[in-house]
Each structure stands twice: as C-alpha cells, then as structure tokens.
Amino acid sequence: KQIIAIVPAAGIGSRMGAEIPKQYLMLNEQTILGHTLDCLLSHPKIDKVIVAINPSDDYFADLPQASHPKLQCVSGGKERADSVLAGLNLADEGAWALVHDAARPCLTHQDIDKLIASATVHPQGAILAAPVRDTMKRTNAEGVITTTVCRDQLWHALTPQFFPVKALTHHLTAALAAGALITDEASAMEWAGIMPAVVTGRADNIKVTHPDDLQLASLFLKNSI
Ligand code: CTP
Ligand code: MG
C-alpha cells in the first residue's frame with residue numbers, strides 16, 4: 001500500500017512566543033521543520049510527503065527541502081485537524097496516511113518502521129505513544145488532589161499516527177462537524193467507535209512547544225538517526 005506522510009505545519013506557535021512560527025526556528029544548523037521533513041523524505045517506505053502550511057507563510061519556500069520531488073505543499077486551516085484534512089484531500093483514497101507534527105523533529109526511522117509494521121496486526125490503525133512515567137494525580141477545581149490515577153495502561157499520545165486515508169478523512173470530517181474534541185487523529189477514530197492501537201515509541205520524540213523544549217530537542221537530535 002502507498003504511504004503518504006501528512007505534516008501539519010500551519011500553526012503559529014503561540015506558546016513558544018518567538019518572532020516567527022516555531023517550526024522555522026533553527027535547531028542544530030537546520031530549521032525544526034527541515035529536520036522533520038528530512039526524516040520523512042529519506043524514509044524508503046514513504047512515497048510522498050504533504051506539508052500543510054499557513055496561507056500567509058513566508059518561510060517554507062526558503063527551506064532546502066522545498067523542491068524535493070517527494071514533497072507537496074497545501075494550505076492549512078484554522079485548527080490542526082483542518083490542516084490535516086487539507087493534506088488528506090490530496091492523498092490517494094487507497095493509501096495509508098502517516099500524520100506527523102512538524103514540531104516533532106526528533107522522530108527516528110526505527111519508530112516509523114515499528115508503526116508501519118503494526119498495520120499488519122492492527123488494520124484499523126495505530127499511533128506512537130510513550131508510557132506515562134510519573135505518578136498521575138487528579139485534582140478538583142481548587143487544585144487539591146482528589147485521587148491518584150493508576151498509571152497502568154496510561155500513555156502519552158505522540159505522532160506519527162497511522163491510519164487508512166479513506167477512514168481517517170471520513171471520521172475526522174464527521175467528528176469535526178459534530179463538534180467533538182479532536183486533538184489528534186486517533187481521537188477522531190475513537191469518536192467513530194474505532195479502537196486504534198498504541199505502538200511504544202521513543203519518549204524523546206517530543207513536540208517542541210515551549211522555549212525550554214528547544215534545548216531538549218537539540219540534545220535529542222544529536223542522538224537520533
Ligand atoms: N498546526 C497546523 N495547523 C493549525 C495549528 C497547528 O498545521 N491550525 C500544526 C503545528 O504547526 C504543529 C502541529 O500542528 O506542527 C502541532 O500543533 P502545536 O504544537 O499546537 O503548534 P502551534 O499550534 O503552532 O502552537 P501553539 O498551540 O502554541 O500556538
Ligand atoms: Mg496549537
């Protein structure tokens with residue numbers, strides 16, 4: 001089956017608070033988005049990479065990857081899910097989509113391979129996830145602990161998330177129209193009653209969100225392949 005990577009990269013990075021959208025910040029001699037694209041474009045099993053960028057993006061065209069033959073560009077939307085849908089609309093109905101945040105530059109080929117391989121046992125789709133390590137607490141509205149949440153079977157959802165294009169497009173569209181809380185691809189599938197699997201991924205596949213994350217990502221990049 002054809003595998004299309006879809007990269008939502010149309011956000012403005014408000015929590016980063018930088019002058020420019022965070023995906024264009026430099027990290028070890030290259031932009032964050034550049035690292036992300038290099039990892040996906042160089043993966044032998046990925047046939048095409050579709051990047052959703054902001055309609056007012058001034059930076060994408062200057063990336064060294066911009067003219068890569070495997071790369072295609074589309075205008076993103078208001079929310080992350082809208083950007084993902086814009087990308088899905090360019091993908092072949094019979095293909096599988098590997099949706100990966102532009103802001104996760106530390107992804108490795110090994111984790112991509114694990115996720116792709118999982119499709120033979122999980123034809124409904126799967127996501128990379130990392131087991132929760134800390135003790136988890138639930139509080140009341142006053143910030144006082146009410147319970148300790150059992151950590152067993154609790155995961156951090158990461159990306160990539162890997163689903164059949166047709167099913168993902170259908171359920172993402174329907175879930176958005178219904179006003180469901182959709183923060184990743186899996187949540188749209190779950191909303192539709194489909195139960196995606198988790199594939200244990202590297203905990204250092206972080207989403208660069210706050211300024212502190214830049215140093216961590218820089219360090220993790222040096223250790224990844
Ligand atoms: N994204 C997107 N389209 C949007 C919003 C987000 O393509 N309308 C992308 C971002 O570019 C990022 C990924 O989705 O690669 C994950 O989103 P997030 O980390 O929240 O990035 P931002 O929305 O840019 O950051 P913030 O929420 O702090 O503004
Ligand atoms: Mg956001």
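Which elements each supply at least two residues of the shell around ligand 1? That was my way into this structure, which is a predicted model. I found that β1 (3–9) and α2 (80–88) each do so.

**Entry 1: the ligand**

I listed what sits around ligand 1 and got 21 residues. The closest are Pro8, Gly11, Ser14, Arg15 and Ser83. Next I sorted that shell by character, and it splits into 7 nonpolar, 8 polar and 6 charged residues.

**Entry 2: the sheet**

I traced the strands and drew an open sheet of 7, in the order β5-β4-β1-β6-β10-β7-β11, with mixed pairing. Which strands stand at its edges? They are β5 (71–75) and β11, and each has a single partner strand, so one side of each is left without a neighbour in the sheet. I also looked up the twist: neighbouring strands are turned by 30° against each other on average, if direction is ignored.

Then I went through some of the strand pairs.

- I began with β4 (residues 48–53) and β5, which run parallel and are joined by 5 bridges. In this pair, valine 49 stands opposite leucine 71 of β5.
- I moved on to β1 and β6, a parallel pair with 4 bridges. Here isoleucine 6 has valine 99 in β6 as its bridge partner.
- I checked β6 against β10 and found 4 bridges again, but these two strands run antiparallel. Tryptophan 96 is partnered by proline 164 in β10.
- I took β10 (residues 155–164) with β7 (residues 126–131) next, and they are antiparallel with 5 bridges. Alanine 130 has histidine 156 of β10 as its bridge partner.
- I finished with β7 and β11 (residues 197–200), which run parallel with 4 bridges between them. Alanine 129 stands opposite threonine 200 in β11.

**Entry 3: the helices on the sheet**

I looked at α1 (residues 32–41) and saw that this helix lies across β1, β4 and β5. Its direction is at about 175° to β1. I then turned to α3 (residues 109–117), which also packs on the sheet and touches β1, β7, β10 and β11. The direction of α3 makes about 60° with that of β10.

**Entry 4: the core**

I wanted to know which residues of the largest nonpolar core touch the most other members. This core has 54 residues, and the answer is Ala5, Ile6, Val7, Ala9, Val49, Leu88 and Ala97. My course notes fit here: in soluble globular proteins, nonpolar side chains tend to be buried together.

I picked alanine 9 for a closer look. Leaving out residues up to four places away in sequence, alanine 9 touches Gln23, Leu33, Val51, Ala52, Ile53 and Ala102.

I also checked which way the residues of β6 (residues 96–99) point. Trp96 and Leu98 go one way, Ala97 and Val99 go the other way, and all are buried.

**Entry 5: odd backbone spots**

I hunted for unusual backbone values and noted three.

The peptide bond from threonine 159 to proline 160 is cis, with omega near 5°. I placed proline 160 in strand β10.

Glutamate 29 has a positive phi of about 75°, although it is not a glycine. I found glutamate 29 in the loop between β2 (26–27) and β3 (30–31). Is glutamate 29 buried or exposed? I counted 8 other C-beta atoms within 10 Å, so glutamate 29 is exposed.

Glutamine 153 is another residue other than glycine with a positive phi, near 65°. I located glutamine 153 in the loop between β9 (145–149) and β10. Glutamine 153 has 8 other C-beta atoms within 10 Å, so I put it down as exposed.

**Entry 6: lysine 45**

My last stop was lysine 45, in the loop between α1 and β4. Why does lysine 45 count as partly exposed? I found 14 C-beta neighbours inside 10 Å, and a residue would need 20 or more to be buried, or 12 or fewer to be exposed. Leaving aside neighbours within four places in sequence, lysine 45 is in contact with Ile3 and Ile116. I also took a distance: the C-alpha atoms of lysine 45 and leucine 107 are separated by 15 Å, and the two residues are 62 residues apart along the chain.

Definitions and conventions
Residues are numbered from 1 along each chain as its sequence is written. Chains are lettered from A and ligands numbered from 1 in the order in which they are written. This is a predicted model: local features need pLDDT of at least 70, side-chain atom pairs count only at pLDDT 80 or more; totals for chains, interfaces and linings use all residues. A residue is near a molecule or strand if its C-beta atom, placed from the backbone, lies within 6 Å of it. Ala, Val, Leu, Ile, Met, Phe, Trp, Tyr, Cys and Pro count as nonpolar, Asp, Glu, Lys and Arg as charged, and the others, Gly among them, as polar. A nonpolar core is a set of buried Ala, Val, Leu, Ile, Met, Phe, Trp, Tyr and Cys residues joined through C-beta atoms within 7 Å. Two residues are in contact if their C-beta atoms, placed from the backbone, lie within 7 Å. Two strands pair if DSSP finds at least two bridges between them. Axes are lines fitted to C-alpha atoms, for helices over the stretch in contact, and angles run from 0 to 180 degrees between N-to-C directions.
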